[in-house]
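Some labels used for a protein structure rest on a numerical cut-off, and it helps to see how each label is reached. Please look at the structure below with that in mind.

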Amino acid sequence: MNIQRQPACVQKTGVPVPELLAPAGSFAICRAVIFAGADAVYAGGSRFGARAYAQNFTQEELLAAIDFAHLYGKKLYLTVNTLLKQEEMDALYDYLLPYYLHGLDAVIVQDFGVMQMVRQSFPLLAVHISTQMSVASAYGFAYLKKLGASRIVPARELSFAEIQSIRSQSDLEIECFVHGALCYCYSGQCLLSSMLGGRSGNRGRCAQPCRLPYTVLDRQKKPVQSGYPLSPKDLCTIERIPQLIDAGITSFKIEGRMKSAEYAAGVTAVYRKYIDQYLETGTAKVDSRDYERLLHAGNRSGFTDGYYSRHNGREMITMARPAHEKGELADLNFLHEKKLPVQAKTVIKIGEPASLFVSCQGNTAAACGGIVQQAKKQPLRREMLAEQLSKTGNTPFAMERLEVEMDASVFLPIQSLNQLRREALGQLEEQMLLRFRRSSQGCKDHRAGFAGNKQGQPEQKASFTAVVEENGQLGAVLEPDFIRRIYLDSSMYSRKHFTAQLKEHVNLVHAAGKQAYLALPPVFRQSTAQFYREQWQDVQRSGVDGFLVKTLDELGFLDEMQADQESCVLCHSLYTYSDDTKASFCKAGWQYDTVPLELNQKELRARNNTASELIVYGYMPLMVSAQCIQKTAGRCTGERSICYLKDRYAKVFPVRNVCSECYNTIYNAQPLSLIQLSKECRRLHPAAYRLWFTTEDEETVRLILHCVQASFFGHQTIDMASVVGAYTNGHYKRGTE
């Protein structure tokens, strides 16, 4: 195995070599995966990583890991792939600076504000966009390139055809997962763990409630199937390596920062073998023993090759057995014997300082020791000299060749030889790492003291907006004067009659004296992007006043279509936890957003909400998935409809399947309601309050609107439980970890 192999070359087949990217939860695992053949390693530091419960690295360990990777010609990427609150944004510069100066190769980010901060503060540091940003089309790639990204990890749900299409339109690096655990949800679009238990996946603390049992219920809430319908099998693409390479993927990513060294290195070694085999010979037939080795490393009811050649499917789900299973793994001790070969020459002449010259990978260093003396009794033997200078110990080096030039009958203390060796190898290591070091020139501390949401701001007049996802809800929300804007959810309209149906609703909204905005879908993949591009002129002619935007792909699309940014509102899925992130979106031209769902009242009061809408009612979407509950249960009709999931505690979660875009939305079992807290809501000074109607019938919508009227305008005490039954305050009181 050639551990000095570089990923930027072209093998015999003429195909560019992809990077093999392995996870590391500790320095020991970092060493193991590099020795197993990884070209790069991704790791988490002490803060801001999406695996908060992993062992992770101390600062000292991470600095050592950066050096170790660089000595072996590899790279190290740091995960900063969580959403940051304002106090954390304030600490980010000091956290990253030592790693930047030391030569960190890239950071992996989810937070839009973090991305902008890194580009501004550390100009030479590459920014990789995490799969948590849910980028799913060439529009997202183009937009993020414009903002300074150098690599994107797209949504795991993309097919080979979609990746190839993006590759043909973008020169950004594409990093895709090839092995490990899969999320049921589009990554970054999941609030299930957060809402159920206060442990946010956006904060690296997912409790994996998707691995728990659920009963599928039909529209009448009758049981259809029980099991684990939200638990995907683990991904394994070892037999898909030719297609992965030919699709133009830059980096093959193995999931598993919380896994053992045996798992990470074992999986890495297998993928290294077949990547090299395909690049050398053009074939990659997988030995059954290697497939068994991957199964023993860990699996869930076997493997799936994921979404690369399918949109979804029951065969991808561990309906009966979601537990992670593993067998006996091969001994990996052989991975710890690899060292960098050093060529050396020592000159030992009487009356002169002892000297040692060393070289490795084109780097040279030299050290001088004590004065060599004439031996009075026992002269230093050549064999002893060579043996002592070859003891490289715990350094990364091994003496491959040592040339000895020495006088006869010389004497030099053993400790002098040891010191000579240590100094020469130490200088060699320093010389090899010198090119990776950076200065602080050009770095800029981004902390500019953003104003925040200060007390004493003038109270804004309480105006309301409403999202409707069912045709029958529209008539009810047209009536109240206090609703000034209606968001028409795109899922209500068929592809065939999209603009005609949209225009009909827009006309009704305008006739009621209100604004009509189109709420774009929660996923904007290639087929969706193509549809909206084809319909764009008709959408504009429909009279819509603006858009509720849910993804970065949609920002890229609207940017290319030169849409009026003043008429766009970012939904809660375009997260703005911090004022710095809000400011980053504003700098990019997007002025209006939605108050995040995962902040508590103290954090919301400290936030600048004057250009933000506060959601005060609605069954909040907990998951958006390419999978289909009804298809998994064998009941797919190809029509937009509702079914339900019941958990262990008999809570019932509505699930809407949107067949025109082929995605599922799982809603919370209880509606969020802050309507009864109108006085507290006013103290947050939002631009408007949003009502989000999903599965409610017209009568329920009218009751909710009556409660709003009584609470916000009549200043009455409202008993929401008498109207909607059990409800939740969301994170308003408790917040998230």
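The questions and answers that follow take up several such labels in this predicted model.

Q: What makes the protein as compact as a globular protein of its length?
A: The protein has 22 helices and 31 strands. Its radius of gyration is 30 Å, which is close to the 27 Å given by the globule rule for 737 residues, so the protein counts as compact as a globular protein of that length. Along the principal axes, the C-alpha trace spans about 110 × 60 × 50 Å.

Q: Why is arginine 485 called buried?
A: Buried means a relative accessible area under 20%, and arginine 485 has 8%, so the label applies to this residue. Of the 737 residues of the protein, 60% count as buried.

Q: Where does arginine 485 lie, and which residues does arginine 485 touch?
A: Arginine 485 lies in strand β20, which covers residues 483-489. Not counting residues up to four places away in sequence, arginine 485 touches Phe464, Thr465, Ala466, Gln515, Tyr517, Val569 and Glu613.

Q: Why do the side chains of arginine 485 and glutamate 613 count as joined by a polar contact?
A: The limit for such a pair of N or O atoms is 3.5 Å, provided that one can donate a hydrogen and the other accept it. The contact between the side chains of arginine 485 and glutamate 613 is 3.1 Å, so it meets the distance limit. A polar contact of 3.4 Å also joins the side chains of arginine 485 and tyrosine 517.

Q: Why are β15 and β17 said to stand at the edges of their sheet?
A: The sheet is an open one of four strands, in the order β15-β14-β13-β17 and with mixed pairing. β15 (363-371) and β17 (397-406) each have a single partner strand, so one side of each is left without a neighbour in the sheet. From one strand to the next, the twist averages 20°.

Q: How do you know that β14 and β15 pair?
A: Pairing requires at least two bridges between the strands, and β14 (residues 353-360) and β15 have seven, in the antiparallel sense, so they qualify as a pair. One of the bridge partners is asparagine 363 in β15, which is matched with cysteine 360. Helix α12 (residues 414-434) packs on this sheet, where it touches β13 (340-348), β14, β15 and β17, and the direction of the helix makes about 155° with that of β15.

Technical notes
Residues numbered from 1 in each chain as written. Predicted model: local features only at pLDDT ≥ 70, side-chain atom pairs only at ≥ 80, totals over all residues. Heavy atoms only, no water. Helix = DSSP H or I, 4+ residues; strand = E, 2+ residues; numbered from the N terminus. Buried < 20%, exposed > 50% of the residue type's maximum accessible area, 1.4 Å probe, protein only. Contact = heavy atoms within 4.5 Å. Axes fitted to C-alpha atoms, helices over the stretch in contact; angles between N-to-C directions. Rg over C-alpha atoms; globule rule 2.2 N^0.38 Å.
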